[in-house]
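Open the model in your viewer and keep the selection box ready. We will go from stop to stop, choosing a piece and then looking at what is there.

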Amino acid sequence: MSHVSSKVTPWEARRQRPAKGKSGSKLAHESAEKHVLGTATYIDDMPELAGTLFAAVGKSTIAHGKILSLDLTAVRNAPGVVDVITLEDIPGEKDIGPVFKGDPIFADGVVEFHGQALFAVLAESFEQAKRAVLLAQVSYEEQPALLTIQNALQQNAFVRPAHSMQKGDAASAIAAAPIQMSGELYVKGQEHFYLEGQISYALPAEDGGIKLYCSSQHPTEVQKLVSEVLDLPINHVQVEVRRMGGGFGGKETQAAQWGCIASVFARRQNRPVKMRLDRQDDMVLTGKRHDFYNRYQLGIDENGKILGADIELAGFCGYSPDLSDAIVDRAMFHVDNAYDLNNARVIGHRCKTNTVSNTAYRGFGGPQGMIFAEAMLDDIARKVGKDPLDVRKANFYRDGGSTHYGQPVEDFFLPELVEQLEQDCDYRARRAAITEFNRTNRWKKRGLALTPVRFGISFTIQFLNQAGALVHIYTDGSIHLNHGGTEMGQGLFTKVAQVVAHEFDLDIDMIQASATATDKVPNTSPTAASSGSDLNGKAAQNACQILKSRLVQFAQQHYQVNAGDVRFINNHVVIGADENSAQWISFADFVTLAYQNRVSLSTTGYYATPKIHYNRDTASGRPFFYFAFGACCVEVEIDTLTGEYKVLRADILHDVGRSLNPAIDIGQIEGGFIQGMGWLTTEELLWDDKGRLQSNSAATYKIPTSVDIPAHFNVQLFDRANAEDTIYNSKAVGEPPFMHGIAVWCALRDAVASVADYTISPPLDTPATPERVLNAVMFCQQESKA
Amino acid sequence: MFCYMLDQLVRKLQRIPRTEFSTEIQLCRAVPPRIRFQGVQAARINRAVGQKTGVSVIRFNLNGRWIEDNKIDPNCTILKYLRTTMMQPDAKEGCAAGDCGACTLMLGEMTERGIEYRTLNACIALMANVHERYLLTPSGIGRAGQLHPAQQAMVDCHGSQCGFCTPGFVMSLANLYQQTGLHVRQSVLTDEQIHAALSGNLCRCTGYRPIIEAAHKMAALPACDVSEVSAHNGVQTFNPQSDVPADGSPAALQDVDGRRLFMPLTEEQLKALLRDYPDACLWAGGTDVGLEITQRFKQFDTIICLNRISTLARTQVLDEQLWLGAGVTYSQAEHELADLFPSFAQLLHRIGSRQIRNMGTLGGNIANASPIGDTPPAFLALNATLEIDGNHGRREVAINDFYLGYKQTVLQPGEYLRAIRINKLQSSESLTLHKISKRYDDDISAVMFALFMDVQNGIIKNARLACGGVAATPLRAQKTEQALIGQPFSENTFLQAANFIGQDYQPLSDVRASKEYRLQVTRNLLLKSYLELTAGQAGDAA
Ligand SMILES: Cc1cc2nc3c(=O)[nH]c(=O)nc-3n(C[C@H](O)[C@H](O)[C@H](O)COP(=O)(O)OP(=O)(O)OC[C@H]3O[C@@H](n4cnc5c(N)ncnc54)[C@H](O)[C@@H]3O)c2cc1C
Ligand code: FES
Ligand code: FES
């Protein structure tokens, strides 16, 4: 027990200064150095075990129809092929639907979308597997395919029943209002484009079990599905994920299929099996953000105040439910954004189409609802001839109000935040300058928009709001930390380690975060809904508190002092009330002593979010523990001859409560904004009339590059503690900033509206590609001529 | 060290009479494949005992270490080799198509000025590219256990989140660092330089802001010269010219399982190879053919690399004309056209990414006959002459006669494109180019618009308009041209001429744009070109 690692700063030195890297400091990402060296290990980087085989799937070439025959002879005979499986070869459950059934691991007699997996091949190399799958002879009886939301609505094709929420009497309020108006917006979906594609590596394990490395945001679900597919008890399967090269929701449910296929092969062959989707397979085979087709009817007064709103949202779910129920719900929950609709009726449809099953994506339907709120507010502003910001302010919620799903409005300081951003970014002066610019420039036009974000935090499925952690203290004072959250770049491991460091007042380098593993912390929730640090930070804190109370209790007895006289300071435990006579014992010595006195230095921690509930039958409750706020002001310039544009400037003020790590939080805000901007500008999903995904590669689907970001890009944190008891009164930050991207779209629409002197609100479906912007410009030109 | 000595020895021995090689090669070609394979094996063994420079071996320097391998399939990419054979996974695969930059590496070449590096996409570049060159990867650029300034700045500025794109960004930044000479003197980088260096690196997490900050900050960190890493085990100045005969076909550089790759150094060698293998895959930058291997999993039996033929990689400024070798890369052209054809240089700046521009060639862009290639419309507008050579002798073709149909040209099997000649612009002449795409950097054009004008005394004497993305081939707009020629140089003329665009072009709708937009924007670009040509006079330019 005398070993002291040379990596550890001497305790004496640590005593002289505050502990480093605790919560609240701008600590670098725990893997930053490994990232820049390329040595951070992703699953495809793990040294392959001898005998590793490679899997690939064969895909359907129609969007909808019966499979008449599937001849895989040539596939089996292809060079390097070791095994081929179809649905019949799945030993256990064949449907891996995460919440509702409907996702057969391979097409079950019927093809439901173009590219659906029909079978899988196992070969000696990745290339051999990829070549072999192309040799299948398949004959189909094609059936008509539903490829659009409008089609699905006409034919009443839904993956789940519609849901509606209401407050007051929307119909009468609209009818009685001085002004009635209506509008619609088609919002396209988004490809996740995590840089690391889907991947799983399955190793045969003891007693017919499986050890699976899987790039997944939800290892517990993958574990459960693998066990079902192999017909094993859950305890025979272990799933581990150290890090993902991005997730954004795309690895919440959609990582499981590849893990299951790899596991089935690993069991059949008793060999390690790697299944990696190349970019094109990844884009074709996995779900995306939902398109939404949204319509409204509004009743407003002359000042642009909303008196009543009747809103219909329709999500493009694809062929199966996946998470679409909760996603469309969240779109509905956010269609008010920050505004009091007074009397509202909101309906959400879950449209079934013959396309890949759409899934979670940062914001989880929220953005598609929220952008519609902003579209409405802009439409109102044009109608009543006011600055959109003034109309927004006039419609803000006030404390004491309530939403269209009955959640009381509390701690609503968004107006104050908006006010501050308006001042900081000089909104009024710039508005005047832009008006002048547009008056004097014939071809180039500028636009400005300042839009708010109010995003509800919690899983809307109540039981998911729980988390576990595992903390071991070793006798040299180093700590092993594990929790149910996964690291996908958002800095969760860093933040939770900072929580532990904070609790013990230890240097961060004493805390070793470890791979998320289903055999360490069981029954976890997905790392999603921005909840990672809220849930796992609290669970880890709980574990630390349990350990601390054990240690304090031990010290009380051992040193015969009061509990209050045992304190954790500067990597030490200080015993005694009096500053001068107090005894400073290094954390290592203290825990060694505790160990020698037979105190358990390991525990689990647990957390469940309080206060939340939602009754789906009455469509009311408090689905969200709290809301995160923010606002963003964007200026753009468009070319009215080509529709090309440039985002000139963006200012963001965002509320993360009391930040756990300002550097990481700002990184989430900047990255979220640019991802949101990409969604609404250059990123365009496109299916052809046969249901084939046309935007199926990085060459045809364009996420922003470095020149696309605004030359002036300012992000500030709105420093105010969360009134709710979250971990150190911080707020979740993963998803909310994504929706600042909406300001880009509003600014583009503002620039276009200038063509008709702001008298009309031009139609501008998303993404606002140069083509759509040019069309909107031409619409304005024609309307103002007419 | 051993490799170094061996190479010294080899270089001495390289002065073996040329004829011996020829015999060897004759032998190689005369015998059936299996035996020929053994023949090459024999060459390699000979080499090991110092008798002859064998050629069927790839020899390169990886982060300072010399490596030789004679078992690399000619179709093997650098990325695949590193990640699977070398089990060195520091470069990542994000797309395997040259689009994301996660695989970006630095490739160094010995020049009179020392080792000069450029970035490339290891996912679509063949291992043949690294032969006798210096490769640097993210885990190898630091010195003495320290991070390279590009790496340190990325850590300091929180430039990584998920980290998957990061190694690629680090290499682009380290290359920028080296290229701008920050290792010898401190200076300030501009945002333009940084964006250009990062144009082929996608990051989905950070939103780029911290990466750009890191690029600015790396300049202030203690200097690091990566060529010292490469030179760690000795520098080699290869004289590949002596490796192979000046005429006659050289032996295969790679020959594995019946698939072979040749790397001729002269046009004579190329022609000899084309006689033997008229259907071989010609590989210039590989930014097009490379995708056949990584996206369609094709394996070529015979590959002939064009990118070490020095005469094809030259540009020459003649009296009236500019002569551009077909093997000139976009990056090279971007540099060398800057004075004579600034608008062309600006266009080149928007082709692909820095990595792609370092690999892709003008000849490849013309020869692949894609309707959406960016330079063909410009060359059409300039009325370029193409020099063709090969099995049927040398000939010249006006680029207007080069394209026969979708992805079809007048090139016959066994022929290659040698050079492009364009006339210099006179003072009354202008070239206006517009690239329309969804994304500014690294995107394929929806419409590529190129307009050449000769305006004298207010009258349009001559006009050539060519567009890409509006027909099955890059195409001149003859009716529109007629509507311009002879007319006064005025807004009205351009507006009138725009009415003919719809007669000249019948574009299709696809993932990049609808046919309606393609037509509309082409019409508008005509007006925009006029406004730009008159900018300063008319006040509000487009
Ligand atoms: C990420 C990415 C981005 C891209 N962006 C753009 C872009 O913005 N604009 C654009 O125009 N293109 C773009 N491309 C396409 C690509 O750069 C071009 O097709 C390129 O010009 C090909 O040149 P290369 O030298 O790489 O050709 P290669 O891939 O080596 O060859 C292409 C074809 O031409 C033939 N060929 C090459 N040289 C000769 C020759 N001298 N004689 C006869 N035949 C020859 C080859 O046999 C082959 O069939 C992009 C490609 C990628 C991967
Ligand atoms: S892996 Fe994407 S560019 Fe090479
Ligand atoms: S850090 Fe995740 S893609 Fe760049």
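How many residues does the hairpin use to join E10(B) to E11(B)? Keep that in mind while you select both strands. This is a predicted model.

**Stop 1: a hairpin in chain B**

Select residues 315-317 of chain B for strand E10, then residues 321-325 for strand E11. The hairpin between E10(B) and E11(B) passes through three residues. The two strands run antiparallel, joined by three bridges. Click on Val317(B): its bridge partner in E11(B) is Leu322(B).

Now add residues 415-423 of chain B, which are strand E16. E11(B) also pairs with E16(B), antiparallel, over five bridges. Find Leu324(B) and look across to Ile420(B) in E16(B), which stands opposite. What holds such strands together? Strands of a sheet pair through backbone hydrogen bonds, either parallel or antiparallel.

**Stop 2: ligand 1**

Stay with E16(B), because this strand leads to the next stop: E16(B) supplies at least two residues of the shell around ligand 1. Strand E8 (281-283), helix H14 (354-359) and helix H15 (362-367) of chain B each do so too. Which of these elements gives the most to the shell? It is H15(B), with four residues.

Show the residues around ligand 1; there are 33. Label the ones that come nearest: Ala284(B), Gly285(B), Asp288(B), Gly364(B) and Asn365(B). Then colour the shell by class. You will get 16 nonpolar, 13 polar and four charged residues.

**Stop 3: a buried helix face**

Select helix H7, residues 191-198 of chain B. Ile194(B), His195(B), Ala196(B), Ala197(B) and Leu198(B) in this helix are buried. What do they pack against? Add helix H6 (166-179), helix H8 (209-218), helix H13 (342-349) and H14 of chain B, and you have the partners. You met H14(B) in the shell around ligand 1.

**Stop 4: an open sheet**

Move on to the four strands E17-E18-E19-E20 of chain B, in that order across an open sheet. The pairing is antiparallel. Strand E17 (429-436) and strand E20 (475-476) stand at the edges, each with a single partner strand, so one side of each has no neighbour in the sheet.

Zoom in on strand E18 (447-456) and strand E19 (459-468) of chain B, which pair over nine bridges. Pick Gln456(B), and find its bridge partner in E19(B), Ile459(B).

**Stop 5: two domains of chain A**

Switch to chain A. Colour domain 1 (11-40 + 466-608) and domain 2 (396-461 + 624-786) as given by the domain assignment. Their centres, taken over C-alpha atoms, are separated by 38 Å. At the contact, 21 residues of domain 1 of chain A meet 19 residues of domain 2 of chain A.

On the domain 1 side, select helix H15 (492-504) and helix H16 (532-559) of chain A, which each supply at least two residues. H16(A) has the largest share, six residues. That side divides into three nonpolar, 14 polar and four charged residues.

**Stop 6: Asn354(A)**

Last, select Asn354(A), in the loop between strand E15 (343-352) and helix H11 (366-384) of chain A. Is this residue buried or exposed? Asn354(A) is buried, because 25 other C-beta atoms lie within 10 Å. Beyond its neighbours within four places in sequence, its contacts include Ala63(A), His64(A), Tyr319(A) and Gly691(A). Now measure to Ala173(A), C-alpha to C-alpha: the two residues are 38 Å apart in space and 181 residues apart in sequence.

Key:
Residues numbered from 1 in each chain as written. Chains lettered and ligands numbered in written order. Predicted model: local features only at pLDDT ≥ 70, side-chain atom pairs only at ≥ 80, totals over all residues. Pairing = 2+ DSSP bridges. Near = placed C-beta within 6 Å. Nonpolar A, V, L, I, M, F, W, Y, C, P; charged D, E, K, R; others polar. Buried ≥ 20, exposed ≤ 12 C-beta atoms within 10 Å, placed from the backbone. Contact = placed C-beta atoms within 7 Å. Domains from an automatic or database assignment.
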